[in-house]
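Here is a short, friendly look at how the strands are arranged in this structure. Keep the 3D view open while you read, and follow the strands by their residue numbers.

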Amino acid sequence: MPKTIFLLVIAAHLYAQSGELRLTVKDTTGAPLPATVQISSDSSNTRQTVQLPAEGRYSFRNLPFGFYRLHVEQASFNPSSALVEVRSALPKDYAVTLSIQPVATSMDIKDSETLVDPDRTSTTYYVGAQELKEHVASQAGRGLLDLIAMQPGWILEANGVLHPRESEYATQYIINGFPVQDNRSPAFAPNVEIDDVQAVKVYTSGIPAEFGQKVGGVIEITTDNNASPGFHGIAVAQGGSFDTVGGYLSAQYVTGKTTASLNAESFLTDRYLDPPVTANYTNHASNGSFTGTLERDLSDADRIRLSVSRRVTHLLVPNEFIQQTAGQREDRTSRETSGQISYQHVFSPAILGAIRGMVRDVTADLWSNPLSTPIAPRQTRGLREAYANTSIAGHHGHNEWKAGADFRYASLNEDFGFHITAYRVGGFRIFDRDTPADFSFRGHGLDREQSAYGQDLVRLGNLTLSLGLRFDHYSLLVDETAWSPRLGASWSIPSTSTVFHASYDRTFGTPAFENILVSASPQTRALNNAGLYLPVRPSHGNYYEAGFTQAFVKHLRLDASYFLRDIHNFHDDSLLENTGVSFPIAFKSARIRGVEVKLQAPRWGPFSGYISYTNQRGIAEFPIAGGLFLDDGSAALLAATDRFPITQDQRNTARAMVRYQIHPRVWTSWSASYNSGLPFESNGETLPFLISQYGAAVLNKINFERGRVNPSFSLDASLGIDLWRRERRVITWQADVLNMTDRLNIINFAGFLSGTALAPPRSFGARLRAEF
């Protein structure tokens with residue numbers, strides 16, 4: 001597959017559920033003024049400060065819907081504070097007049113007035129710029145994933161795979177308005193660099209109709225920065241345990257109506273994936289990426305944006321003890337090249353139109369040496385994708401509406417094979433005698449997906465209604481269509497700062513594309529069950545949620561919700577031994593229910609932080625579809641009707657974080673996480689054999705009677721110091737300690753559908769960051 005691509009289609013820069021505030025600052029004579037402007041919202045963890053140029057105009061873009069505190073200052077003038085609402089994709093014009101003389105009617109707007117969004121019809125969590133900037137130096141390539149996993153309802157499985165409300169392969173990223181639906185875990189694709197990210201919005205219910213396919217959880221990412229005119233730069237150098245070193249460079253230039261930026265990042269580490277043993281064998285990785293972006297306002301009504309990026313990761317697959325003794329080495333690479341172009345046009349103060357497009361080329365390779373044990377796999381797979389979208393949004397009376405259509409055309413190529421090097425290891429049979437020693441597959445497939453949607457946000461006093469309908473057509477190995485209604489409602493009580501909400505989402509989830517061709521091939525069917533095979537079809541789900549938001553003492557916000565998910569054709573994956581190669585599967589059905597609670601203090605004097613708890617239970621039902629299984633016993637799964645806990649069924653999860661500003665230039669933060677443990681499925685291995693694979697220390701953390709790994713706990717701490725600061729230029733040093741108690745935490749344990757993975761031991765990191 002070619003390694004480079006060229007932009008083919010035109011598109012727009014219309015971000016989902018976000019708007020734009022066009023600010024003008026002038027004096028009492030009407031003359032424009034330069035000024036310092038801060039816009040903030042405790043509801044969405046937004047806080048931005050810019051220096052307005054001499055013409056006194058600036059556009060704050062990609063603002064999540066809600067209320068904002070707008071504070072404007074200029075020397076020799078009285079400051080101005082106002083409460084501004086952003087509720088439409090249409091740009092909102094707002095003018096501020098600064099006066100030299102005191103104005104008796106001036107208002108002092110508090111941040112507490114932005115603590116609760118009265119129009120939110122579902123539970124939504126935000127990760128703000130400060131939390132992103134001060135993230136703990138976790139495993140290389142995991143910074144963004146770890147922050148998302150701190151949100152209620154989200155857990156991380158082995159090798160950084162995110163699971164929203166216990167769903168597998170159902171996470172969709174919206175990066176600068178463009179959907180990315182393939183697996184973004186470190187083992188599958190190059191990482192999204194956290195230093196590129198300015199804001200993150202995470203939700204698992206109340207999903208707008210414009211989002212489809214992978215909607216178990218949606219992660220909206222904004223990388224564009226609202227920067228003051230002039231040249232800006234960021235340089236980051238970091239290092240830590242496991243010989244980890246990395247760097248990040250960003251340069252942005254804003255002049256007039258044009259913004260240009262270049263970003264580059266790289267790292268080296270000796271702990272990239274989650275190893276199966278404490279010795280952390282063969283776990284080296286390297287990564288490099290760059291992104292270039294150009295955005296220009298052609299007029300007050302027209303904007304165009306272009307972006308290109310390239311990411312490459314090379315890694316080794318970690319060995320367990322037997323594989324290390326045999327001399328196994330397995331290498332993997334992943335590469336991604338993408339291009340985007342977008343255009344938007346304001347037809348009138350009430351109508352905004354947009355078109356946008358993207359092309360991506362994603363490839364992944366795996367190769368093994370002859371000493372690989374018990375199986376030596378090889379793989380080359382690729383995805384070439386073209387995506388286009390057109391949409392129109394408008395405002396009329398009580399309604400904020402949007403309609404559009406999506407088109408996705410993708411080409412898949414898969415070349416996969418293996419050679420069995422040992423049918424028995426340590427006296428234990430790994431593969432059946434009649435399993436062929438060699439297997440080879442090469443295939444090509446065309447993915448064709450089209451969709452159309454309409455949605456409307458209706459505000460009727462204290463009542464807000466979210467109404468949406470989506471149509472999807474999917475054609476790859478199967479051809480299916482679906483209609484998906486999306487409904488939500490909220491009722492606010494301003495006197496008590498209370499919002500009640502409920503939502504219903506009908507979902508149509510397409511299968512993972514990674515290795516889907518080989519899992520459906522005739523050769524694989526013969527391996528599995530002498531030709532018997534059930535295809536992996538799209539899932540159909542009904543998501544229900546009800547909850548409330550309550551503000552306390554002007555500084556605390558409590559979010560609580562109950563959810564229920566009924567899913568037909570529940571998607572999961574099966575792992576080929578400890579190779580990291582997985583194949584899409586589906587169970588007949590699954591039911592997932594749970595409760596999420598989060599108490600948050602966005603800012604309370606020098607303190608900020610949160611504590612959250614999630615209780616959930618997921619039960620799936622056989623038979624199984626898809627996959628690649630190399631034992632005769634798997635045939636029984638095609639006719640089984642048993643019910644069992646799904647592999648992501650973690651019953652209890654707790655998270656906490658507190659940050660304290662010790663001094664204007666010194667801060668510290670502490671975070672803790674608790675996981676009650678995931679289930680595992682026994683393959684019938686004897687205890688001595690398992691010890692020879694993983695070691696006694698790992699086995700001591702497994703509860704074989706309950707069929708679950710033991711609970712895990714981690715305590716992390718950070719200290720940050722501004723070494724030098726002058727106006728907008730600052731140099732910051734940060735030190736981190738992860739898993740301070742050095743507890744051995746097991747993520748997954750060997751089983752029928754998953755491998756073994758260990759969380760990091762106590763480790764250290766340090767980062768030097770310069771902004772100018």
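## Two open sheets

In this predicted model, 4 strands make up an open sheet with antiparallel pairing, in the order 3-2-5-6. Strand 3 (46–51) and strand 6 (80–86) are its edge strands, and each pairs on one side only. Direction ignored, neighbouring strands of this sheet are turned by 20 degrees against each other on average.

To see one pairing up close, go to strand 2 (residues 36–41), which is joined to strand 3 in the antiparallel sense over 6 bridges. Here you will find Thr36 opposite Gln51 of strand 3. As background, the strands of a sheet pair through backbone hydrogen bonds, in either a parallel or an antiparallel way.

Now for the other sheet. An open sheet of 5 strands shows mixed pairing and follows the order 8-13-14-11-12. Why is one side of strand 8 and of strand 12 left without a neighbour in the sheet? Strand 8 (124–127) and strand 12 (178–180) stand at the edges and have a single partner strand each, so one side of each has no neighbour there. In this sheet, neighbouring strands are turned by 20 degrees against each other on average, direction ignored.

Strand 11 (residues 171–175) and strand 14 (residues 217–222) run parallel, and 5 bridges join them. Within this pairing, Tyr173 stands opposite Ile219 in strand 14.

The two strand pairs described above are listed here.

| Strand pair | Sense | Bridges |
|---|---|---|
| Strand 2 and strand 3 | antiparallel | 6 bridges |
| Strand 11 and strand 14 | parallel | 5 bridges |

Key. Residues are numbered from 1 along each chain as its sequence is written. This is a predicted model: local features need pLDDT of at least 70, side-chain atom pairs count only at pLDDT 80 or more; totals for chains, interfaces and linings use all residues. Side-chain values use heavy atoms; hydrogens and water are left out. Two strands pair if DSSP finds at least two bridges between them. Axes are lines fitted to C-alpha atoms, for helices over the stretch in contact, and angles run from 0 to 180 degrees between N-to-C directions.
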